[in-house]
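Got your viewer open? Let's take a short walk through this one, a stop at a time.

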Amino acid sequence: MRRAIFPGSFDPITLGHVDIINRALPLFDEIIIAIGINTDKTYMFSLEQRLNFIKKSYINEPKIKVETYTGLTIDFCQKLDVDFILRGLRNPADFEFEKAIAQTNRKLSNIETVFLLTSANTSFISSSIVRDVYRNGGNISSFVPKSVIEK
Ligand code: ADP
């Protein structure tokens, strides 16, 4: 079974994440969207809200599972018997950051990171800018799936 994990903060899930997930679906038998809990980070949306946004978006997609985890992503992969980490690339900054993490993970395990290049129409979307727009009362409906807007 070809299983991948898509780890992230998803604070909140955006149409950029959705684009990567939907395009990765034909490549894997199962994709586990995994919300990493980092105690050093503060989040705008609670873990429960972030989980619900994702679960609602993929309620009709049996190939998608949603989990939360703490600790190293590779340890979580080994626990769930996952061989691939899925990540999205938007720009050179993402590349530099992701390269170091993927190479470190390869040193520590056999887990391969698979990168999908962002789509032209979602490449500018980031959770942090969405949070900024939301915090200041702007309309975020062009950047996030329906499950987030419904909140
Ligand atoms: P993290 O805190 O781990 O970066 P994010 O939730 O911000 O978590 O992102 C998770 C993954 O989604 C990362 O690989 C990130 O590059 C990717 N991603 C986020 N937004 C986009 C986008 N607009 N297009 C493509 N990939 C994206």
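In which sense do β1 and β4 pair, and over how many bridges? Keep in mind as you look that this is a predicted model. Select the two strands: β1 and β4 pair in the parallel sense, and two bridges hold the count. To see one pairing up close, pick Ile5 and look across to β4, where its bridge partner is Ile85.

Stay on β4 and bring up strand β5, residues 112-117. These two strands also run parallel, this time joined by six bridges. Show Arg87 here, and you'll find Phe115 of β5 standing opposite. If you leave side chains on, remember that in a regular strand they alternate between the two faces of the sheet.

Next, the ligand. Select it and turn on a surface for the protein: the ligand sits in the largest pocket. Which elements give two or more residues to the shell around it? Colour β1 (3-8), α1 (15-24), β4 (84-89) and α4 (92-108), and you have them. So much for the elements; now the residues.

There are 17 residues around the ligand, and those that come nearest are Ser9, Gly88, Thr118, Thr122 and Ile125. Colour the shell by residue type and you get five nonpolar, seven polar and five charged.

Now for distances, with side chains shown as sticks. Start at Ser9, where a polar side-chain atom lies 2.8 Å from an oxygen atom of the ligand. Move to Lys41: one of its polar side-chain atoms is 3.3 Å from a ligand oxygen atom. Then try Arg90, which has a polar side-chain atom 3.3 Å from a nitrogen atom of the ligand. Hide the protein for a moment: taken alone, the ligand exposes 550 Å². Bring the protein back and 88% of that is buried.

Last stop: the loop between β1 and α1, home to Phe10 and also Pro12. What is there to see in the backbone? Phi of Phe10 is near 50°, a positive value in a residue other than glycine. Then click along to the peptide bond from Asp11 to Pro12, which is cis, with omega near 0°. For background, most residues other than glycine have a negative phi, and most peptide bonds are trans.

Conventions:
Residues are numbered from 1 along each chain as its sequence is written. This is a predicted model: local features need pLDDT of at least 70, side-chain atom pairs count only at pLDDT 80 or more; totals for chains, interfaces and linings use all residues. Side-chain values use heavy atoms; hydrogens and water are left out. A residue is near a molecule or strand if one of its heavy atoms lies within 4 Å of it. A polar contact is a pair of N or O atoms within 3.5 Å; within protein, one must be able to donate a hydrogen and the other to accept it, and residues adjacent in sequence count only if both atoms are side-chain atoms. Accessible areas come from the Shrake-Rupley method with a 1.4 Å probe; for residues, only the protein chains shown count as cover. On a 1 Å grid over the protein atoms alone, a cavity is a set of points where a 1.4 Å probe fits but cannot get out, and a pocket is an open set with protein on both sides within 12 Å along at least five of seven lines; lining residues have an atom within 4 Å of a point. A molecule sits in a cavity or pocket if more than half of its atoms lie within 2 Å of its grid points. Helices (H or I, at least four residues) and strands (E, at least two) are DSSP runs, numbered from the N terminus. Ala, Val, Leu, Ile, Met, Phe, Trp, Tyr, Cys and Pro count as nonpolar, Asp, Glu, Lys and Arg as charged, and the others, Gly among them, as polar. Two strands pair if DSSP finds at least two bridges between them.
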